[in-house]
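User: Could you take me on a close tour of the main nonpolar core in this structure? I would like to see what feeds into it and how the parts around it are put together.

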Amino acid sequence: MSKVKVGIIGGGLMGREVASALGRWFVLENYPVQAELVAVCDLSEKQREWFRQIPTVSLLTADHRDLLASSEIDVVYVAVPHNAHESLYLDVLRAGKDLLAEKPFGIDLNAARTIAAAAKTSGRFVRCSSEFPFLPGAQRAYQFCREGKLGKVLEIHSCFHHSSDLDPTKPVNWKRQVKTCGEIGVMGDLGMHTIHVPFRLGWKPKRVYAQLQKIYHERPDSKGGMAPCDTWDNAMLHAEVEIEGAEVPIRFEMKRLAPGETNTWCIEILGTDGGVKYSTKEPKTLWTFQRGKEQIWQRTDLGFHGPFPTITGGIFEPGFPDCFLQMWAAFLAERAGKLDGRFGCVTPEEAVWSHELFAAALMSHAEKKAIMI
Ligand SMILES: NC(=O)c1ccc[n+]([C@@H]2O[C@H](COP(=O)([O-])OP(=O)(O)OC[C@H]3O[C@@H](n4cnc5c(N)ncnc54)[C@H](O)[C@@H]3O)[C@@H](O)[C@H]2O)c1
């Protein structure tokens, strides 16, 4: 079994999730690669200190150049604010390391194109993060479409909804400001999650009409004052894809202000012969439709069957840490040439396409018209 040593740049919310995934790597069964977290870089000492409890971590640093100089490290995961993506991703590639990049893969389209070009030139293995498609329900929905059960596709709906921003007293952070999150706002935050499955099915939009909303324009700054919030809160992208010569409507919804939704990822695909629906709101439920005499949506109670087998009992329910682990398993399996036809992480090309969609959405909203992509 080959061994991969991983370093993290950005030990915040997502950096810790990676530590959690790699810390229980042994749950994967008959998996070809052993993975170990060995180094963490974060500007904040408090964030770095949290990683001291992980016995395999031997390097903690505030300077990412120290981490990249380590010949021990094979793969680097970077999870930092979006304005730092481009320079850090390029530094990782220059250092000759493979990269699992957090979304949105650069703060804007230019940054994404620069990173993708550098990835190609470097020859390094580069993928972008999007974990929800690795849930059993999402995988089944994807397979349903690939098996040709839809007939003529009628419409596609892909969503990712949050609600914590409904609270106007929630303090500002870097995700609420254009300078650190990007002009694309919520599309950069949540959009990659909505495009992964449709793009992988070959459904790449050719025209988009966008409705973007900014609801709260300022938030508490934690110092007794108020700070501006200038990013988009909600985005609805009404687009078209071409499937077998027909134009099919596809709707991508990304919302920070979605009443009742803590972290809801969903996909719904309807066709003349069949349909499929899955939402993390009901994490073990898959809804399928097959045309017949009566109109029947069938509910399947799913078990714990991700693309990569684990020791977890087949009847148990999956959650966020599970799909995140499966995404890492897909990343390292593909890197080792052992994906074997399974679903893979977002490619640099798909990440650039997502930015093309989001850039067109910004233009569409500004000009109040549909934009060709
Ligand atoms: N895949 C997902 O589900 C998911 C969820 C949340 C966030 N994200 C993405 O992950 C990335 C990080 O988001 P987060 O929520 O973890 O943010 P966070 O604010 O919790 O953590 C970011 C960390 O990066 C550190 N940092 C900033 N600049 C740095 C630098 N130059 N060198 C080293 N450390 C630096 C900060 O000190 C902070 O600890 C973003 O790209 C975000 O879009 C992905």
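Analyst:
**The core and what surrounds it**

In this predicted model, the largest nonpolar core has 105 residues. The residues with the most contacts inside this core are Val78, Val92, Leu99, Ala138, Ala141, Ala235 and Ala361. Helix H9 (residues 320–335) gives the core its largest share, nine residues. Both domain 1 (2–128) and domain 2 (132–309 + 346–372) contribute at least three residues each. As background, nonpolar side chains tend to be buried together in soluble globular proteins.

Let us begin with domain 1, where you can find Val78 on strand E4. An open sheet of six strands runs in the order E3-E2-E1-E4-E5-E6, and its pairing is parallel. Strand E3 (59–61) and strand E6 (126–128) stand at the edges with a single partner strand each, so one side of each has no neighbour in the sheet. From one strand to the next, the twist averages 25 degrees.

Now look along E4 itself. Val76 and Val78 point one way from this strand, Val75 and Tyr77 point the other way, and all of them are buried. Strand E4 (residues 75–78) runs parallel to strand E5 (residues 98–101), and four bridges join the two. Two of the pairs are worth finding on your screen: Val76 has Leu99 as its bridge partner in E5, and Tyr77 has Leu100. Leu99 also appears among the core residues with the most contacts. Towards strand E1 (residues 2–9), E4 again pairs in the parallel sense, over four bridges. There, Gly7 has Val76 as its bridge partner in E4. Val76 therefore has a bridge partner in E1, Gly7, and one in E5, Leu99.Moving to domain 2, you meet a second sheet. Nine strands form this open sheet in the order E16-E15-E14-E13-E7-E12-E11-E8-E17, with mixed pairing. Its edge strands are strand E16 (297–301) and strand E17 (371–372), and each pairs on one side only. Strand E7 (residues 153–161) pairs with strand E12 (residues 246–255) in the parallel sense over six bridges, and His157 stands opposite Arg251 in E12.

Two helices pack on this sheet. Helix H6 (residues 136–146) touches strand E13 (264–271), strand E14 (274–279) and strand E15 (285–290), and the direction of H6 makes about 165 degrees with that of E14. Helix H10 (residues 348–367) touches strand E8 (207–213), strand E11 (234–243) and E17, and its direction makes about 70 degrees with that of E8.

Ala235 is a good residue to select next, as one of the core residues with the most contacts. Leaving aside its neighbours within four places in sequence, Ala235 is in contact with Val186, Met187, Ala210, Leu212, Met254 and Ala361. Ala361 is itself listed among the core residues with the most contacts.

On the other side of E7, the pairing changes sense. E7 and E13 pair in the antiparallel sense over eight bridges, with Ile156 standing opposite Ile269 in E13. E13 and E14 also run antiparallel, joined by five bridges, and the bridge partner of Ile269 in E14 is Val276. If you follow the chain from E13 into E14, you trace a hairpin with two residues between the strands.

Finally, here is how the two domains meet. The centres of domain 1 and domain 2, taken over C-alpha atoms, are separated by 26 Å. Their contact takes 21 residues from domain 1 and 22 residues from domain 2. On the side of domain 1 that touches domain 2, helix H5 (109–122) and E6 each supply at least two residues. H5 gives the largest share of that side, six residues. By class, that side of domain 1 has 13 nonpolar, three polar and five charged residues.

For contrast with the buried residues of E4, try Arg52, which lies in the loop between helix H2 (45–50) and E3. Arg52 is exposed because 10 other C-beta atoms lie within 10 Å, and a residue counts as exposed at 12 or fewer.

Notes: Residues numbered from 1 in each chain as written. Predicted model: local features only at pLDDT ≥ 70, side-chain atom pairs only at ≥ 80, totals over all residues. Pairing = 2+ DSSP bridges. Contact = placed C-beta atoms within 7 Å. Axes fitted to C-alpha atoms, helices over the stretch in contact; angles between N-to-C directions. Core = buried A, V, L, I, M, F, W, Y, C linked by C-beta atoms within 7 Å. Buried ≥ 20, exposed ≤ 12 C-beta atoms within 10 Å, placed from the backbone. Domains from an automatic or database assignment. Nonpolar A, V, L, I, M, F, W, Y, C, P; charged D, E, K, R; others polar.
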